[in-house]
Amino acid sequence: MKTLKILDTTLRDGEQTPGVSLTPEEKLEIARALDDFGVDVIEAGSAMTSPGEQEGIKRIANEGLKAEISSYCRILQADIDTAMKCDVDSIFLVTPTSKLHIKYKLGITRDELLRKTLECIDYCKDHGLVVDLCTEDGSRTEPEFLLKLMGEATEHKIDRYTIADTVGTATPERMNEIFSKLSKKAKIPLGVHCHDDLGMATANTVASVNAGVSMVNVTVNGLGERAGNAPLEEVIMALKEGYGYKFKVDTKKISKLSDLVEKLCRIPVAPNKAIVGENAFTHEAGIHVDGILKKSETYEAINPESVGAKRRFVLGKHVGMKSVKKLLDEQGIEVNDGQAKEIFKHIKFIGDKGKRVTSTDLEAIANSVKGVEVKKVIELDELVAVAGNKFTPTASVKLKINGKEVTESSTGTGPVDAAIKAIEHATRDFPFELTEYHVDSISGGTDALVQVMVKLKSRGRIITSQSAGADIVLASVDALVNGINLIIRKTD
Ligand code: MN
C-alpha cells in the first residue's frame, strides 16, 4: 500500500476554533511536537492575521524542523508578501471555486477568479515557493471547473492541488466522484481538506484517499472552525488499520500530541472521542473486561499502546467480578473469595446510585469488609481560606502528619488553588503530582453539593480519590488528603 502524506493545520484551521488563541511560544511548542511526530507539512498559520501570528510562523519556519512550513494565503499579493516575510517554504493558496462563493463572497466572475489565481501562483513560483492550491468550497464546485483549474494551475507549476469540503457538506460518494475524475488527469499530488459538520470528515477523507488523494489535511483532536476538521488521530488510524495505508509518523506519540494540544488550546477532548478520548480504552462492563483479560481484541479495535494510550478498568455498576479482583490485585489489596464477593456487592450498590468508585473508595470498602482499621498518616485539623475583591486568595492549613502538627499557608489564583498549594507544601516529604482536578455540581443552585475528583501520580502509580460536600475548598482538600494517604500506604 502507498505511503500517504500529512498536512497538519492545527496551527491554522485548528486555531480558528472559537475560543482558541495561541501565543507564538505555544505555536512553536506544538510545531516541534508535530515535527517530532513526523507530519510532512505544518500549516503554521495565516500570516496576514496579526503581528503575533507572523512572529509565531517566523519562529516555526526558522526552527530547523524537518517538515515543510506553510502559511495560508488568500489570492492576494499582500498575503503572499506577508507570508514570505515569515520565511515559509510553501503557500497554502486558497481560492474559492463554487459559484456560491465566487458570486456572493467575491462578487467577481469565474474568468476573473481564474486570472487572479494564476497570477498569484506565478508570483509565488517567481519567489521560489512551493504552492499547494486549495479550492475553497471545492466539494460544491462542478468537477468540470475543478478539472479546468487543475489543468491551468498545473501549467503554471503548482506543486499540489487540494479540494476543500469547506462547509462539511460532502458525502463519501461526492468525494469519490470528484477525485475519481481528478486523479485520472492529475500530474501532481492531490490533497483533501474536510470538515466535520455532518460528522463525516474522517469518512470523506478516507473516500478521497481511496479515489487517489495522497495528502490528507488534518488537525489534532479534530479542532477547527465550527464542528472542526478531520481529526489527525482518526484519519491516520482508520487509513492504517482499516485499509493498510502507510504513514511515516510514529503513532505511539498520538496520545501525547493530543494531550499537548488539549492543554495549550484549552479545548477539552470529549471522553468518548475516538482514539484520544479518556474512555477510548476504558472498560467497566464485566463481560467486556472478562473478554479483554482473555484476549484484548475481543473488545478493542486497536491496541492502546499503538497510539501511546493505556488500557483502564474502572469500577461502577456494570463491573464484573474479574475486574474487581484485578483492581484489588493492582492495588495490592489481598482478600479471600468471600471478601471479594462482599466488596463486589458494595461497588454495585454505590454504582447503582450513579457514582464512580475511585481507588481510595475501593481501599476503604475493602478495609471495612476485612474489618481493618486504617490509620491515616495525614489528617486535616484546620483549614482557613479567604478570597474576595481586596485580597490575594490565601489559605492556611494545619495538618497532623504522623501525629506531628504541621502548619503551612499559600496564596493562589483562587481559594481552592491556595488551599491545594498549602497542602502540597505541608506534605512535601511525600512527593506526588496532581495530574487532574475535576469538580461536578451534584445538585443545582448555589447551595449545591459539589463532588471533587483528583488524580494523583506518584512513582508511576496513578490513583484517584474523591470527596463531596457543600464547601468546595474543603471537599478539594479532603479528596487530596485522602489520595495522599493512599499513596503513602502504597509506598510503605
Ligand atoms: Mn478549513
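Donors are N, O and S atoms within 2.8 Å of the metal, and water is not among the atoms, so a site may look incomplete. With that in hand, here are some exercises on this predicted model.

**Exercise 1. The metal site**

Find the residues that coordinate the manganese ion, and work out which parts of the chain they bring together.

*Solution.*
- Step 1: Start from the ion. Asp13 (OD), His193 (NE2) and His195 (NE2) coordinate the manganese ion, at 2.0 to 2.3 Å.
- Step 2: Write the spacing of these donor residues along the sequence. The pattern is D-x179-H-x1-H.
- Step 3: Place two of the donors in the fold. Asp13 belongs to the loop between strand E1 (5-8) and helix H1 (24-37), while His193 is in strand E7 (residues 190-194), so this pair ties together parts that are 180 residues apart in sequence.
- Step 4: Check their accessibility. Buried means under 20% relative accessible area. Asp13, at 3%, therefore counts as buried, and His193 is buried too, because its value is 4%.

**Exercise 2. The aromatic pair**

Classify the geometry of the pair formed by Tyr243 and Tyr245, then decide how accessible each residue is.

*Solution.*
- Step 1: Recall what is needed. A pair of aromatic rings is described by the distance of the centres and the angle of the planes.
- Step 2: Count the pairs. There is one aromatic pair in the model.
- Step 3: Read off the geometry. Tyr243 and Tyr245 are 6.4 Å apart, centre to centre, with 35 degrees between the planes. Stacked pairs have planes under 30 degrees apart and edge-to-face pairs over 60, and the Tyr243 and Tyr245 pair is tilted.
- Step 4: Turn to accessibility. Tyr243 is partly exposed, at 41% relative accessibility, whereas Tyr245 is buried, at 9%.

**Exercise 3. A charge over a ring**

Which residue lies over the face of Phe145, and at what distance from the ring centre?

*Solution.* Look above the ring plane: Arg110 is the residue over the face of Phe145, 4.1 Å from the ring centre.

**Exercise 4. The second largest pocket**

Describe the second largest pocket by its volume and its lining.

*Solution.*
- Step 1: Take the volume, which is about 250 Å³.
- Step 2: List the lining. It has 17 residues, and Asn221, Gly222, Leu223, Ala227 and Lys273 lie nearest the centre of the pocket.
- Step 3: Sort the lining by character. Seven residues are nonpolar, six are polar and four are charged.

**Exercise 5. A residue in a loop**

Locate Ile302, and say whether it is buried or exposed.

*Solution.*
- Step 1: Ile302 sits in the loop between helix H11 (286-294) and strand E10 (312-313).
- Step 2: Ile302 has a relative accessible area of 10%, so it is buried.
- Step 3: Compare with Phe281. The two residues are 21 apart in sequence, and their C-alpha atoms are 9.1 Å apart in space.

Technical notes. Residues numbered from 1 in each chain as written. Predicted model: local features only at pLDDT ≥ 70, side-chain atom pairs only at ≥ 80, totals over all residues. Heavy atoms only, no water. Phe/Tyr/Trp six-rings, centres within 6.5 Å; stacked < 30°, edge-to-face > 60°. Buried < 20%, exposed > 50% of the residue type's maximum accessible area, 1.4 Å probe, protein only. Lys NZ or Arg CZ within 6 Å of the ring centre and 35° of its normal. 1 Å grid on protein atoms, 1.4 Å probe; cavity = no way out; pocket = protein on both sides within 12 Å on 5 of 7 lines; lining within 4 Å. Points joined across faces, edges and corners; volume = space filled by probe spheres on them. Nonpolar A, V, L, I, M, F, W, Y, C, P; charged D, E, K, R; others polar. Donors = N, O, S within 2.8 Å, 3.2 Å for Na, K, Ca; no water. Helix = DSSP H or I, 4+ residues; strand = E, 2+ residues; numbered from the N terminus.
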